[in-house]
Amino acid sequence: MDYINHWNNLYSSKKLEEVSWYQKIPQTSLDFIYKANLSKDDAIIDVGGGDSFLIDNLINDGFTNLTVLDISKSAIDRAKVRLGNNAKKVKWIVCDVKNFISKKKYVLWHDRAVFHFMNNTSDIKEYYSSLLNGIVNSSTVVLGTFSENGPDRCCALDVCKYSINELSLLFSKDFSLTEGKNILHKTPTGLTQAFTFVSLVKN
């Protein structure tokens, strides 16, 4: 599977408001991030951020040390155009998170809807390794995946589904769960997707 072409083709063929994960205000993610009690200059990375509006909201709220990573150059290019001059306030990385070797340590790692595409043991292990390499002790990880009641597939790809307890157990070797929440996301086409969000702190 050529995931780079898959995601570039998807972003190239759909408008911003047509992708299933579209949110003008990603309120759940923002709520979890604000609860982490960060300083405005703490390093934040949005994994799979693509052209989501999370980064716009963080810039508007005064955060100054922001990174967006996405496998799709098309998604990042689209976000840069939308942000205009504000794009210069963000470090942009085009990379598959499984191959991401961070030169920087992040105080907060945010991922809404990338981890559930890690659908085998090898992918999960590589993601986990990238995560541990990119953070420090006491860093916060905000993770959003499809819940056990969510869809089996997304964007023509199989996904893994998780309860709050399952995510907590999966990361329990190195992280402690501080909060978990189940939410319903309404897509632009009117469908409802069930998500699990957790906040994990590195031990």
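Start by selecting Gln23, which sits in the loop between α1 (3-13) and α2. Keep in mind while you click around that this is a predicted model. Show the side chains of Gln23 and Arg112: a polar contact of 3.2 Å joins them. Now expand the selection to whatever Gln23 touches, skipping residues up to four places away in sequence, and you get Phe53, Arg112 and His185.

**Next stop: α2**

Go on to α2, residues 27-35. Which of its residues are buried? Colour Thr28, Ser29, Leu30, Phe32 and Ile33, and you have them. Then bring up the elements those buried residues pack against: α3, β4, β5 (135-146), β8 and β9.

Following α2 you come to Asn37, with a positive phi near 55°. Asn37 is not a glycine, in case you were wondering about that phi value. Its place is the loop between α2 and β1. Is Asn37 buried or exposed? With a relative accessibility of 68%, Asn37 counts as exposed.

**Across to Asn65**

Select Asn65 now, in the loop between α3 and β2. Leaving out residues up to four places away in sequence, Asn65 touches Lys40, Asp41, Asp42, Ala43, Ile44 and Lys104. Zoom in on Asp41: the side chain of Asn65 reaches the backbone oxygen of Asp41 at 3.2 Å. If you want a C-alpha distance to check in the viewer, try Asn65 to Ile45, which should read 8.6 Å for two residues 20 apart along the chain.

**Along β2**

From Asn65, move to strand β2, residues 66-70. How many of the five residues of β2 are buried? Five of five, so to speak: the strand is mostly covered. Look at one side and you see Leu66, Val68 and Asp70, then flip to the other for Thr67 and Leu69; both faces are covered, with these residues all buried.

Now add the neighbours of β2. Strand β1 (residues 44-47) runs parallel to β2, with four bridges joining them. To find a matched pair, pick Ile45 and look in β2 for its bridge partner, Thr67. Trace the backbone from β1 via helix α3 (residues 54-60) to β2, and you have followed a right-handed β-α-β unit.

Strand β3 (residues 90-94) is joined to β2 by five bridges, and these two strands are parallel as well. Here Thr67 turns up again, with Lys91 as its bridge partner in β3. Follow the chain onward from β2 through helix α4 (residues 73-83) to β3: this β-α-β crossover is right-handed.

**A positive phi under cover**

Jump to Ala113, in the loop between β4 (106-112) and α5 (121-134). Ala113 isn't a glycine, yet its phi is positive, about 80°. What is the relative accessible area of Ala113? The value is 16%, which means that Ala113 counts as buried.

**The β8/β9 hairpin**

Select residues 175-186 for strand β8 and 192-202 for strand β9; the two pair in the antiparallel sense over eleven bridges. For one of the pairings, label Ile183 and its bridge partner in β9, Phe195. Then slide to the turn of the hairpin, where five residues lie between the strands and Gly190 takes a positive phi near 95°. His185, met earlier as a contact of Gln23, is within the β8 range of 175-186.

**Zoom out**

Clear the selection and show the whole protein chain as a cartoon. What is there in the way of helices and strands? The chain has six helices and nine strands. Draw a box along the principal axes and the C-alpha atoms fill roughly 40 × 40 × 30 Å. The radius of gyration is 16 Å, and because a compact globule with 203 residues would come out near 17 Å, the two agree.

Switch on the surface if you like: the accessible area comes to about 9700 Å², 50% of which belongs to carbon and sulfur atoms. Of the 203 residues, 53% count as buried. To finish, pull up a contact map: among contacts with a separation of 6 or more, 68% are between residues 24 or more positions apart.

Methods:
Residues are numbered from 1 along each chain as its sequence is written. This is a predicted model: local features need pLDDT of at least 70, side-chain atom pairs count only at pLDDT 80 or more; totals for chains, interfaces and linings use all residues. Side-chain values use heavy atoms; hydrogens and water are left out. Buried means under 20% relative accessible area, exposed over 50%, partly exposed in between (1.4 Å probe, protein chains only). Two strands pair if DSSP finds at least two bridges between them. A crossover is right-handed if, with the strands pointing away from the viewer, the path from the first strand over the helix to the second runs clockwise. The radius of gyration is taken over C-alpha atoms; the globule rule is 2.2 Å times the number of residues to the power 0.38. Contact means heavy atoms within 4.5 Å. Accessible areas come from the Shrake-Rupley method with a 1.4 Å probe; for residues, only the protein chains shown count as cover. A polar contact is a pair of N or O atoms within 3.5 Å; within protein, one must be able to donate a hydrogen and the other to accept it, and residues adjacent in sequence count only if both atoms are side-chain atoms.
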